[in-house]
Amino acid sequence: MPATHTPAVIDRPVSDRDERPHAIWSPVARGSQVDKIFRWMSSGAGAMILVLLAAVAIFLLLSSKNALFASSSTIIENVEFARGKNFWQFAVAALFGTMLASIIALIIAVPFAVSIALFISHYAPRRLAVFFGSIIDLLAAIPSVVFGLWGMWTLEPLLRPIFTSIATSLTPVFEFISGTKEIVDGQEVWSGGLPGFSTLAQNFSWCPLQPDALVFVPPARNIMMGGVILAVMILPIITSLCREVFLQSPRLLEEASLALGATRYEMIKMVVLPHGRSGIVSATMLGFGRALGETMALLMVLSPGLMINFKIFQPGQHSTIASQIALRFPESSGLSSDFLVALGFILFIITFLVNFVARAIVSRYAEFSGANA
């Protein structure tokens with residue numbers, strides 16, 4: 001048999017380069033380095049948001065401490081536009097008007113927004129849906145001052161007969177519940193009313209069942225008018241978000257419910273709305289946050305006042321924090337300026353709490369809606 005030759009093994013020392021992992025020189029390793037850099041950049045950007053938020057809060061707190069801790073007599077003497085109120089009385093009245101206008105706007109806007117979003121996502125033909133979606137997106141870009149001008153010159157004359165009709169229809173109902181009051185020899189004399197409700201209306205001026213709560217006094221520059229303007233302004237935001245949420249509902253579940261004999265209304269009720277519940281809540285709270293901070297539109301359509309009542313059809317009753325700041329800040333200085341900054345600090349806290357509560361509500365609904373799947 002021929003002899004087999006085995007290759008000779010050459011002994012040589014193993015260098016450090018042979019023991020070095022080859023992964024370091026691979027594209028994957030270079031990609032991991034890029035991922036680390038991108039992760040640190042993203043983390044830095046997220047941390048910057050927290051830093052900016054903390055910086056704004058610290059600035060507002062330091063700039064407003066003089067007004068927050070000033071005595072009532074000091075505020076009354078040095079802040080002319082406070083109208084004899086101390087800081088907390090002024091802030092509560094302005095905050096009441098802010099919340100009242102925002103709640104009215106939500107009551108009006110949310111049903112319309114959900115209905116429009118459902119029409120665009122599940123009823124309208126494709127071309128018509130694209131057209132309506134574009135119109136809604138364009139409405140969201142209109143400046144608030146334009147809405148204010150439109151409200152003053154166009155919407156206010158149109159709403160006068162509507163407000164008059166509502167007041168004429170509902171005021172007798174309120175008088176039946178709470179009674180009527182007349183001024184006799186400079187004193188209020190009450191008569192009629194249901195037991196309990198009449199006593200509540202007599203002793204608490206902020207009671208929503210006051211017999212004159214819905215009495216309309218022209219012009220229509222009241223908090224109801226402000227709520228209507230805010231509803232028009234937040235309608236595109238809520239509609240756009242709800243539309244996107246409804247378009248993400250499971251297509252298989254929709255087709256399955258229709259195949260089992262459900263009507264389109266039943267399909268929307270059982271599939272689309274439950275799945276999009278968290279999105280509807282999120283859109284509503286986002287619109288609420290927009291309404292809380294709105295300034296110019298309300299400044300232009302409201303006849304301002306600092307009362308705590310539910311006379312929503314009477315001018316000179318309510319105002320908002322943002323509109324008060326915009327109205328008074330150009331002529332303020334010293335303690336007056338700190339007073340307005342303190343109002344801004346309160347609005348900042350309220351907005352932060354609203355967003356925090358909104359996130360908690362959305363997280364709770366998402367556990368049951370299937371939106372987090």
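Which residues form a nonpolar patch on the surface, and about how much accessible area do they have together? In this predicted model, the patch is formed by Phe119, Tyr123, Leu128, Phe131, Phe132, Ile135, Leu138, Leu139 and Tyr265, and their accessible area together is about 850 Å². Two helices, α4 and α5 (126–139), each supply at least two of the patch residues, and the largest share, six residues, comes from α5. One of the patch residues, Ile135, lies in helix α5; because its relative accessibility is 36%, Ile135 counts as partly exposed, given that buried means under 20% and exposed over 50%.

To place this patch in its setting, it helps to turn to the protein as a whole. The secondary structure comes to 14 helices and two strands, and buried residues make up 39% of the 373 residues. The accessible surface of the protein comes to about 21900 Å², with 68% of that area belonging to carbon and sulfur atoms. Among the contacts between residues at least 6 apart in sequence, 74% join residues that are at least 24 apart.

The interior can be followed through its nonpolar cores. The largest of these has 53 residues, and those with the most contacts inside it are Phe163, Ile229, Ile238, Cys242, Phe246 and Ile312. Two or more residues of this core come from each of α4 (87–123), α6 (144–178), α8 (223–247), α10 (264–275), α11 (277–292), α12 (296–301) and α14 (335–369), while the largest share, 13 residues, is given by α8. Cys242 offers a view of how this core is joined across the sequence: leaving aside neighbours within four places, Cys242 is in contact with Val114, Ala117, Ile280 and Ala283. Apart from this core lies another, of 25 residues, which includes Phe90, Leu335, Val341 and Leu347.

A database record adds a further layer to the picture. In an unreviewed entry, UniProt lists residues 40–62, 88–121, 128–153, 223–242, 295–313 and 339–358 under "transmembrane region". Two of these spans can be set beside the geometry of the model. Residues 223–242 are 100% helix and 0% strand, and the end C-alpha atoms of this span lie 27 Å apart. Over residues 295–313, by comparison, the chain is 32% helix and 0% strand, with its end C-alpha atoms 20 Å apart.

Technical notes
Residues are numbered from 1 along each chain as its sequence is written. This is a predicted model: local features need pLDDT of at least 70, side-chain atom pairs count only at pLDDT 80 or more; totals for chains, interfaces and linings use all residues. Side-chain values use heavy atoms; hydrogens and water are left out. A nonpolar core is a set of buried Ala, Val, Leu, Ile, Met, Phe, Trp, Tyr and Cys residues joined through side-chain atoms within 4.5 Å. Buried means under 20% relative accessible area, exposed over 50%, partly exposed in between (1.4 Å probe, protein chains only). Helices (H or I, at least four residues) and strands (E, at least two) are DSSP runs, numbered from the N terminus. Contact means heavy atoms within 4.5 Å. Patches are made of residues with over 30% relative accessible area and no salt bridge: like charges are joined within 9 Å, nonpolar side chains (Val, Leu, Ile, Met, Phe, Trp, Tyr) within 5 Å. Accessible areas come from the Shrake-Rupley method with a 1.4 Å probe; for residues, only the protein chains shown count as cover. A salt bridge is a side-chain nitrogen of Lys or Arg within 4 Å of a carboxyl oxygen of Asp or Glu. UniProt positions are given in the numbering used here, feature names are shortened, and annotations may be inferred rather than shown by experiment.
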